[in-house]
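Let's take a walk through a protein model together. Have the picture ready, and turn it as you read.

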Amino acid sequence: MSVKYCTTHFHACDCREAMFAEMLEELKASLGHLLNAKIDLETGATKATAIRTLDGGINRARAAIEKCKGDAS
């Protein structure tokens with residue numbers, strides 16, 4: 001088993017725990033958008049409505065990824 005070291009403190013620590021918790025919440029929110037878009041399509045909502053819902057989920061996922069990239073540097 002390999003030990004992962006903190007890139008900030010250069011030892012094993014939990015300083016990124018909050019970032020992972022926040023990422024999990026953003027992934028859940030993004031999944032919620034995707035599931036709502038699926039419901040939109042299944043129930044006959046307009047294509048524009050489904051696209052807006054998808055865009056919301058995609059934007060949340062992208063923002064979370066960018067935040068993690070920034071936190072990791």
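Just after helix H1 comes glycine 44, and its phi angle is positive, near 85°. In this predicted model, that glycine is a handy landmark for finding your way along the chain.

Now step back to the helix that precedes glycine 44. H1 runs through residues 17-42, which makes 26 residues. How far apart should its ends be? At 1.5 Å a residue, the expected span is 38 Å, and the end C-alpha atoms are indeed 38 Å apart, so expectation and model agree.

H1 is not alone: the chain has 2 helices and 0 strands. The other helix, H2, covers residues 47-72. Across the chain, 43% of the contacts with a separation of 6 or more are between residues 24 or more positions apart.

Next, let's ask what is hidden. Of the 73 residues in the chain, 16% are buried. In H1, the buried ones are Met19, Met23, Ala29, Ser30, Ala37 and Asp40. Pick out serine 30 from that group. Its relative accessibility is 7%, and because buried means under 20%, serine 30 counts as buried. What does serine 30 touch, leaving aside residues up to four places away in sequence? The answer is Gly57 and Ala61.

What about the outside? The accessible surface of the chain is about 5,700 Å², and carbon and sulfur atoms account for 62% of that area.

Finally, look for charged partners. The whole structure holds 3 salt bridges. One of them joins the side chains of arginine 60 and glutamate 26, with 2.9 Å from N to O. Arginine 60 sits in H2 and glutamate 26 in H1, so this pair ties together parts that are 34 residues apart in sequence. Both partners are partly exposed, arginine 60 with a relative accessible area of 33% and glutamate 26 with 22%.

Another salt bridge links glutamate 25 with lysine 28, whose closest N and O atoms are 3.6 Å apart. These two residues both lie in H1, 3 residues apart, which is about one turn of the helix. Glutamate 25 is partly exposed at 45%, and lysine 28 is partly exposed at 49%.

Lysine 38 and glutamate 42 form a salt bridge too, at 2.6 Å from N to O. They are 4 residues apart in H1, so about one helical turn separates them. Lysine 38 counts as partly exposed at 46%, while glutamate 42, at 54%, is exposed.

Note on methods
Residues are numbered from 1 along each chain as its sequence is written. This is a predicted model: local features need pLDDT of at least 70, side-chain atom pairs count only at pLDDT 80 or more; totals for chains, interfaces and linings use all residues. Side-chain values use heavy atoms; hydrogens and water are left out. The expected span of a helix is 1.5 Å times one less than its number of residues. Buried means under 20% relative accessible area, exposed over 50%, partly exposed in between (1.4 Å probe, protein chains only). Contact means heavy atoms within 4.5 Å. Accessible areas come from the Shrake-Rupley method with a 1.4 Å probe; for residues, only the protein chains shown count as cover. A salt bridge is a side-chain nitrogen of Lys or Arg within 4 Å of a carboxyl oxygen of Asp or Glu.
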